[in-house]
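Student: Please take me through a single part of this model in detail. Keep the cut-offs explicit.

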Amino acid sequence: MKMKYYLIFLALLLSFGFNNKAFSQKCLTFKYDANGNRISRTINKFCQVGREVAEEQDEEPSDDAVKVYPNPTNGSFKVVLPENIRSDNAYYELFDVNGWLISNGNIYGDETDVDIGKYAAGVYLLRIKNGDDVISEIVLKQ
């Protein structure tokens with residue numbers, strides 16, 4: 001009798017092992033342009049390993065985009081807000097990879113300089129807030 005239960009248990013275990021939907025996880029898939037910049041993110045039911053590279057785009061960046069340059073930087077970078085979202089209450093927050101707020105300040109006029117020369121080389125998250133609008137950019141320090 002015990003052998004019968006063992007065989008049923010083994011059959012169920014094997015059927016779950018071959019059914020990809022039983023143990024699958026949702027995962028993120030990113031698409032990149034030829035320069036290595038991420039251009040899209042999608043959530044998939046099944047994980048696929050690989051990296052898609054989109055065709056190189058000939059169009060210029062939009063004038064409505066926030067510009068952060070130079071990126072990567074050696075010490076300081078500039079933040080430029082497009083004219084359509086400039087306001088007196090815009091400000092930035094700079095976070096390290098651990099999520100610690102390391103710098104913040106107001107964004108005035110055309111360009112705002114942000115100095116990260118005293119911080120270690122690495123990846124930083126720049127969050128720009130303007131009223132209810134929040135824009136996030138990644139800044140690399142060499």
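Tutor: What follows centres on Thr112 and the strands around it, then widens to the chain.

This is a predicted model: local features need pLDDT of at least 70, side-chain atom pairs count only at pLDDT 80 or more, and totals for chains, interfaces and linings use all residues. Residues are numbered from 1 along each chain as its sequence is written, and side-chain values use heavy atoms, with hydrogens and water left out.

Start with the residue. Thr112 sits in strand β8, which covers residues 111–115. Helices (H or I, at least four residues) and strands (E, at least two) are DSSP runs, numbered from the N terminus. Is Thr112 buried or exposed? Thr112 is buried, at a relative accessible area of 9%. Buried means under 20% relative accessible area, exposed over 50%, and partly exposed in between, with a 1.4 Å probe and protein chains only.

Next, the neighbours. Leaving aside residues up to four places away in sequence, Thr112 touches Phe77, Lys78, Val79, Tyr92, Asn106 and Ile107. Contact here means heavy atoms within 4.5 Å. One of these partners, Val79, stands opposite Thr112 in β8.

Now the sheet. Strand β5 (residues 76–80) and β8 run antiparallel and are joined by five bridges. Two strands pair if DSSP finds at least two bridges between them. The open sheet has three strands in the order β4-β5-β8, with antiparallel pairing. Its edge strands are β4 (67–69) and β8, each pairing on one side only. From one strand to the next, the twist averages 20°. The axes are lines fitted to C-alpha atoms, for helices over the stretch in contact, and angles run from 0 to 180 degrees between N-to-C directions.

Step back to the chain. The chain has two helices and ten strands. Along the sequence, the pattern is α-α-β-β-β-β-β-β-β-β-β-β. Of its 142 residues, 20% count as buried. Among contacts between residues at least 6 apart in sequence, 39% join residues at least 24 apart.

Last, the aromatic rings. Rings of Phe, Tyr and Trp (its six-membered ring) pair if their centres lie within 6.5 Å; planes under 30 degrees apart count as stacked, over 60 as edge-to-face and the rest as tilted. By this rule the count is one aromatic pair. Tyr119 and Tyr124 form that pair, tilted, at 6.5 Å centre to centre with 50° between the planes. Tyr124 is buried, with a relative accessible area of 7%.
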